[in-house]
Each structure stands twice: as C-alpha cells, then as structure tokens.
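Here's a walk through the empty spaces in this model, followed by a look at how some of its helices pack. Have the structure open as you read.

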Amino acid sequence: MKRIFKLSIWLGLSLLLGASLTSCESYLDKEPDSTVSEAAAFKDFRSFQGFIEEIYNCIPDKEKCNWCPSWNWGDDEIFNPEADNRMTHQADLGNFRAWMQTGNWLYKSGSNPTAKDKFAHSLWPHSWYCIRKANVGLQALEEGKLVAATEEERNLLAGQLYFFRAWWHFELICWFDGLPYIDKAFEANDELNLARPSFQETAERCAEDFAKAAELLPIDWETTAPGKLTAGKNQLRINKIMALSYLGKCYLWAASPLMEHGPQIGGANTYNYNKDYAKRAADAFAQVLNLVESGQTQYALAEYKFDDIYNHKASPDASSRFSDLFYTRGQNWLMPGTVEAIFRGPSHDFNGSNWNTTKVFGPKVAGLVDHDNVIHQPTANAVNMYGMANGLRLDDQNGEGAFDKNYPFKDRDPRFYHDIVFDGFKYVHGELSSDREQYRYCELFTGGNMRPVANASRTGYFIQKLVPHTCNMADREYDWGFAMHTYLPYMRLADIYLMYAEATAVLGGPNGKVDGCSLTSVDAINRLRDRVGMAHVHENYLVNDQIYMDEVRRERAVELMFEGFRFNDLQRWLLLTEAPYTQKYSQEFDRVHDADWYKKNDPRDAQVANFREELILERVFGTKHYWFPLPDDEVYLYEDFPQNPGW
C-alpha cells in the first residue's frame, strides 16, 4: 500500500504542477501541456478547470486501450484460441492475476495521465493519481487559493472534484473490495497507516462525495454562465444526473449479496440484499428518473426504430438512434452515446476505432475481416438470454409462442436481431471475388464455412451490437471515409431504469417502488421493453419475488449485453461460482434449407434440425475469485493492508 500512496504522492508532486495543466482553450479538447506553478493553476476558474480536465483525460477507453482489447469477463463472451493470452480467457482459467499482464483497461503498462494516446490510460495507475489530484484541488478551494471566481464557478469546480474522488475509488472497489478512502493529499513524509475497510464502508464514503457533487452541480452545464462559454462542448462534463446516478449505483452495489454476506459458494444468499442500502439506491435513482421523465434533463432513451434492423438502418423519423449509443458512422466521427449516454470519458484518437475495435468482431476466414485471429464472440449462454418477443424465456414452455428448437431464430426479443449475427445473415454487401462469394451469407450451422474455431465462430454466432458487420474487407466501413467511431459508455439511462428496477424489487417485488416516484419495479423494466417493441414482463414471472428477480437480472443481461457489466453483476449476486454461469456453450444444428433459400428469405424464419448445445469450457472458481488480487508488491509493504483472501 505504501507503493500506492507513494505513486499518488510522487506522481502527484512531479506531474500535477509540472506538466499537467493545460491552457484549455477548448476544455476537454486539450491544448499542449505547459509547465505552471500552483499559483497559476488555481488563480481563476479557467485555469482551475484546466487542472481538472486532466482527470477527464485519464478515464480509460475500454474498447481502444490496446490492439485487441478485452472487457467482457463473465459468461457472455469467448475468444478464439489465438487470444488465449487475453484477459477473457485468463478469467476462464481462474487466473485473475492476469489483469496486470494482459494489457486491458484495468492495467496497462506505460499509462500516462497527461498523454492523449488511447493506449496510455488504465484504471489502476490513474486512480491514485486522479484521487490525489482531486484532493489537491479540494484543498486549494478550502484554503482560499482560488480568488477570482464566482460562487457558481466554485460549486462547479468542487462538484467535479467530489465526484471524481468518489468515482475512482468506486471503480476500484468493484474489482478489489474495500480500500482506504483517500481524502487528503498526502505529503512525502506523512505516515501511512490506513487499514482496509469493508466494501460497504468504502461505499459509504463514496456516497458522501457523490451526494455532495449532486448538490453542487447543475443538470446541464449549458445553462450555466461558465458552460455558455463552451457551448456545445459540455456533454462529458460531470453534472447532477451523473452524480445522482452513481450515488444510486454505489448504494445498490453496497446492498448486493456479495457485499452483504461476503464471498461464498452455493448461491444460497443470491436473493438476500441489504434493504436499507437498496432503499437508498432506489431513492437516488428515483430522483434521476423523475427529472428525466418530466423533461428536465438532456437525457432520454435512444429510439429503437429501424427500417433494416440487420444493417442498423434507422427509420427516417427516428430523432435519436439506438446504434449511435455504441458507434457512429458518416457523422464526422461524432462521439457515440446520443441522448442516452450519461457518463463517458474522452475518446482519444477519433479514428482509432479503425485500428483495433472495428476489426475484432467478424470472421477472419478468407480474409473477410482484417487483423489477428482474435474475435469477440457471444456464448450460447448470452444468446439464450434473448428470450421471445412475447416475453417468455427460452427455457419456459408454459405459454403460447414458446421457443421452438426447429425455428431457433424466429420471434425473438427484437434486440437479438440488432445485437447478434446468426446463420443465414447477409454478412457482405460489397463485391466479392468468385472464390469468396460463398461467404456472403453466414454459414454458422455445424460444419459451416464460418465455424472454424481458429478464425471464425466457435459458438455459432457473432456480435454486431457494438460494431456493425459491414466493417469487413468488402464493405470497408472502418475506412476513413465512413468516419466510424466506437465508444462504450460507462453508464447510460437504460442502466438507471434497470438498477431502479432491481433496487425496488428488493423492497417489494414487481410492485416495489419508493415515495415520490410513480414507477414500480416492473414499470421500469417495461419502459425498456416498450422502447424495443416487445411484450411486457410475462405473467409467468410475476408469481413470486425470486422468480421476478431472475427476470430483472435477465433483462439487465440482455439490455447491457457485451458492454462490460456481466462479470460484476454475477460477482455481486454471488453467482460467479455457480453453474450454469461457470459454463460456456456453443449451439450446434444442421440446415434444412439449401443456400439459395437464404438469398430469398428472412433468416429468422429458417428451419433447422438437430439443434443442441455443446459445452466448450467450464470455469472452476472458488470464493477467492469473487475479488481480483491486489498487486503483491503493494500488499507486502504495508502491515495493515492485506491481500484479498486466497491470493
């Protein structure tokens, strides 16, 4: 732990006032670094804001932090064998120490808080640096070092600093359990003797700062005097909605079974939450949803209106586009997120999507997609989460319109058709040589030409939620002229509805709610169902609170699929060690139709034979896997800072 604090201290002292401040003419669009004194850093609002902008700069970009990045470590995704050294597969092996060696967004060597390079930012090293930076800024405000500023400006500065001090702590404890809450800027000669608190104790401190931030910050910077000076460039700035949303998330995580009962095997406590924390979470989310639904914010659910769902072609009357949440194309590298993204960091190198993200989702057979033989693929487990359009789960045969294994792609949750590439899907629209024409329509049946384990799909599916299938060597939508820009938001409005639904389900099942909010838990889920045009929660899942909670969790899995949340959800629900969440499957089947049928018909209507699932791998996890290990060279240097149990 001394190394953690020393990193915080020495990086803080050497970089904070040496090479970190920018003149910040465009705020988040940073100017070149310049050496300044502390007096210059805090002399007025604009300089102080430039000091804070570096914290924004440090937020890791999960998708573009490496050439073939990895961020889905639950039961939802699997890679090809060439990517066995990536964290996705290392997590399958139970080698959670690999978070420090695999070059992912949690830790990447060469992290540099002042750099604009997308490869230079990762969570662990930046957290300590940014926490110190927040403390230095708050201390400067308390000591009156900022003279030339209005009360509004002081509130904006303090609100951002409180938020970021909490955010970096919270992101860390989601992976590592409780950590000391650093609320002062330590000096080199300070004695360090902070013991490790529990997750809930650290979360309480995070919540205090999130609440302070919510009190100080506006809903929209565009309505403030300082914000008007940077009109149109305020979308990423920390505001009241972000602070309230993270306040709720912090409390919901504290309420969750893992944090309430500790790591354990068996799943007996998976439905047992701390109701006090759940109530506090629901109250915070209710404030957000009341503001959103009354039209008092700039946020809304992006519209799910498509003329062509397979190609993500939005309807002309769609004022916002669901796909724009994750990528934009033909919009001059517009930052993805549209009206729904709540919290994002800057996206360093707007054309950086071309070099990595857009080329790790499609088949590499016959050179269809460039890059290494590393492909993000959905497990059959993930695909099965997408139930039927009438609201039935795939394993539920108790209702009309139940899943039919002979027609596995028919009448599915509408999000299935947006997110998943399946057999018979027209993958290529551009010109193909005669020897590659066979790859225009996906052959994802058992033995099909897109089923080689080495360089295509080992599960029977591909993902196109985050990157469209037209990022291939024929359609070439990753080329400069298409201005393809990808980014994964850390939080979006749909997540708020989902977390509100979970927190209120803890309090009262489907009809759970809190004072001051008209929405019940099931109402919040149905808001998301209405958005995509599918049936409300089926009556089969309203019969008791545990069955309903399973449905809340399934809805969360589907809506947030592949966005990096699944591992933490299974972890906090005490399901990470439990089957079937430890298993990864493929789906195997034979075609009934010939190849020409798929050229004339919708692939969702295809009939198949011998539909079955085959186990690819099974994780062997123990209680130690509920938390990632801390770096050994940190814990060995500090008596009261133990390693996580089992590591």
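The largest cavity has a volume of about 130 Å³. A cavity here is a set of points on a 1 Å grid over the protein atoms alone where a 1.4 Å probe fits but cannot get out, and lining residues have an atom within 4 Å of a point. Grid points are joined across faces, edges and corners, and the volume is the space filled by probe spheres set on them.

Before going further: this is a predicted model, in which local features need pLDDT of at least 70 and side-chain atom pairs count only at pLDDT 80 or more, while totals for chains, interfaces and linings use all residues. Residues are numbered from 1 along each chain as its sequence is written, and side-chain values use heavy atoms, with hydrogens and water left out.

**Cavities and a pocket**

What lines the largest cavity? Its wall is built from K62, W105, E171, C174, W175, Y246, K249, W253, Y490, G564, F565 and N568. Helices α6 (151-176) and α9 (240-255) each supply at least two of the lining residues. (Helices are DSSP runs of H or I with at least four residues, strands are runs of E with at least two, and both are numbered from the N terminus.) By class, the lining of this largest cavity has 7 nonpolar, 2 polar and 3 charged residues. In that scheme Ala, Val, Leu, Ile, Met, Phe, Trp, Tyr, Cys and Pro are nonpolar, Asp, Glu, Lys and Arg are charged, and the others, Gly among them, are polar.

Searching the whole structure turns up 4 cavities of 30 Å³ or more. The second largest cavity comes in at about 70 Å³, and its lining consists of D76, R553, R556, A557, L560, M561, F562, F565, R566, D569 and W573. F565 is on the list for the largest cavity and on this list too. Both α16 (545-559) and α17 (566-572) give at least two residues to the second largest cavity, with α16 holding the largest share at 3 residues. There are no polar residues in this lining: it splits into 6 nonpolar and 5 charged.

Then there's the second largest pocket, with a volume of about 720 Å³. A pocket is an open set of points with protein on both sides within 12 Å along at least five of seven lines. Of its 26 lining residues, N384, M385, D395, P580 and Y581 lie nearest the centre. Contributors of at least two residues each are α12 (380-385), α16, β11 (583-591) and β12 (608-618), and α12 gives the most, with 4 residues. The pocket lining divides into 11 nonpolar, 5 polar and 10 charged residues.

P580 deserves a second look: the peptide bond from A579 to P580 is cis, with omega near 5°. P580 sits in the loop between α17 and β11.

**Helix packing**

Here are three helix pairs side by side. Axes are lines fitted to C-alpha atoms, for helices over the stretch in contact, and angles run from 0 to 180 degrees between N-to-C directions.

| Helix pair | Angle | Axis distance |
|---|---|---|
| α3 (45-57) and α5 (123-142) | roughly 160° | within 9 Å |
| α14 (493-508) and α15 (521-532) | about 150° | 7 Å |
| α3 and α6 | about 15° | 11 Å |

With its crossing angle of roughly 160°, α3 is therefore roughly antiparallel to α5; the term covers angles over 145 degrees, while those under 35 count as roughly parallel. The α3 and α5 crossing is left-handed, meaning that the near helix is turned anticlockwise from the far one by less than a right angle. F48, F51, E54 and I55 of α3 make the contact with Y129, C130, K133, A134, V136, G137, A140 and L141 of α5. Contact means heavy atoms within 4.5 Å. This α3 and α5 contact has 9 nonpolar, 1 polar and 2 charged residues.

On its α6 side, α3 is roughly parallel to its partner, and that crossing is left-handed as well. Here F45, F48, Q49, I52, I55 and Y56 of α3 meet E153, L156, L157, Q160, L161, F164 and W168 of α6. The classes for α3 with α6 are 10 nonpolar, 2 polar and 1 charged.

Finally, α14 and α15 are roughly antiparallel and cross in a left-handed way. A494, Y497, L498, Y500, A501, T504 and A505 of α14 face S521, A524, I525, R527, L528 and R531 of α15, giving 9 nonpolar, 2 polar and 2 charged residues in the contact.

Definitions and conventions
Parallel < 35°, antiparallel > 145°, perpendicular 65-115°, else oblique.
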